[in-house]
Amino acid sequence: MNRKELLEEAGRTIAGQRQDDYGDARQSFDRIAALWSAYTGARITAADVAGMMVLLKVSRARTSPEKLDSWLDMAGYAALAAEMVSDG
């Protein structure tokens, strides 16, 4: 898979099946941020959730770099984070 294909697939994934399965990403990440904030006692934003999910995928990629799913998800989470910080 080349970079263009990976980014196109990430776009299809976050705007397609994942959105159908889990609903609006902003609402989902806001809900996760509220739970993580309560658990940690620190203020966590929806964009923070996306960033921390990228870190989770970095850890997985370090263990299994050949698994394209981790790289695909990193691209998707990065796109969602960019959208969230752009929307305010």
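**Lys-57 and its surroundings**

Trainee: Is Lys-57 buried or exposed, and what is its relative accessible area?
Mentor: Happy to start there, and keep in mind that this is a predicted model. The cut-off for a buried residue is under 20% relative accessible area. Lys-57 falls below that cut-off and is buried, because its relative accessible area is 6%.

Trainee: Which residue does the side chain of Lys-57 meet in a salt bridge of 2.8 Å, N to O?
Mentor: Good one to look up on the model. The side chain of Lys-57 pairs at 2.8 Å, N to O, with that of Asp-73. This pair links distant parts of the chain, 16 residues apart, with Lys-57 in helix α4 and its partner in helix α5. Both residues are buried, Lys-57 as well as Asp-73.

Trainee: How many residues apart are Lys-57 and Asp-69?
Mentor: Their side chains also meet in a salt bridge, at 3.5 Å, N to O. Here too the pair links distant parts of the chain: Lys-57 is in helix α4 and Asp-69 in helix α5, and the separation is 12 residues.

Trainee: Is Asp-69 buried, partly exposed or exposed?
Mentor: Buried needs under 20% and exposed needs over 50%, with partly exposed in between. The relative accessibility of Asp-69 is 40%, so Asp-69 counts as partly exposed.

Trainee: Which residues are linked with Lys-57 in a network of salt bridges?
Mentor: You have already met two of them. Both Asp-69 and Asp-73 meet Lys-57 in salt bridges. The network joins Lys-57 with Asp-69, Asp-73 and Arg-18.

Trainee: Which residues of α4 are buried, and what arc do they cover around the axis?
Mentor: The buried residues in α4 are Ala-46, Ala-47, Val-49, Ala-50, Met-53, Val-54, Lys-57 and Ala-61. They sit on the same side of α4, because the arc they cover is only 155°.

Trainee: Which exposed residues are carried by the face of α4 turned away from its buried side?
Mentor: Try looking at α4 from both sides. The buried side has cover that includes α3 (25-40) and α5. The face turned away from it carries the exposed residues Leu-55, Arg-62 and Thr-63.

Trainee: How far apart are the end C-alpha atoms of helix α4?
Mentor: Helix α4 runs over residues 46-63, which is 18 residues. At 1.5 Å a residue, the expected span is 26 Å. The model agrees with that, because the end C-alpha atoms are separated by 26 Å.

Trainee: Which residue meets Lys-4 in a salt bridge, and what is the distance, N to O?
Mentor: This pair lies within one helix, α1, with the two positions four residues apart in numbering, about one turn. Lys-4 is exposed at 55% relative accessible area, and Glu-8 is partly exposed at 36%. The side chain of Lys-4 meets that of Glu-8 at 2.9 Å.

Trainee: Which residues does Ile-14 touch, not counting those up to four places away in sequence?
Mentor: Ile-14 is in helix α1 (residues 3-15) and is partly exposed, with a relative accessible area of 24%. Its C-alpha atom is 13 Å from that of Ala-82, 68 residues apart along the chain. The residues Ile-14 touches are Gln-19, Gly-76, Ala-79 and Leu-80.

Trainee: Which residues make the nonpolar surface patch of about 320 Å²?
Mentor: One member, Leu-68, is in helix α5 (residues 68-87). A patch residue needs over 30% relative accessible area, and Leu-68 is partly exposed at 43%. The patch is made by Leu-68, Met-1 and Trp-71.

Definitions and conventions:
Residues numbered from 1 in each chain as written. Predicted model: local features only at pLDDT ≥ 70, side-chain atom pairs only at ≥ 80, totals over all residues. Heavy atoms only, no water. Patch = residues over 30% accessible without salt bridge, like charges linked within 9 Å, V, L, I, M, F, W, Y side chains within 5 Å. Areas by Shrake-Rupley, 256 points an atom, 1.4 Å probe, with all protein chains shown as cover. Salt bridge = Lys/Arg side-chain N within 4 Å of Asp/Glu carboxyl O. Buried < 20%, exposed > 50% of the residue type's maximum accessible area, 1.4 Å probe, protein only. Expected span 1.5 Å × (residues − 1). Arc of directions from axis to C-beta. Contact = heavy atoms within 4.5 Å.
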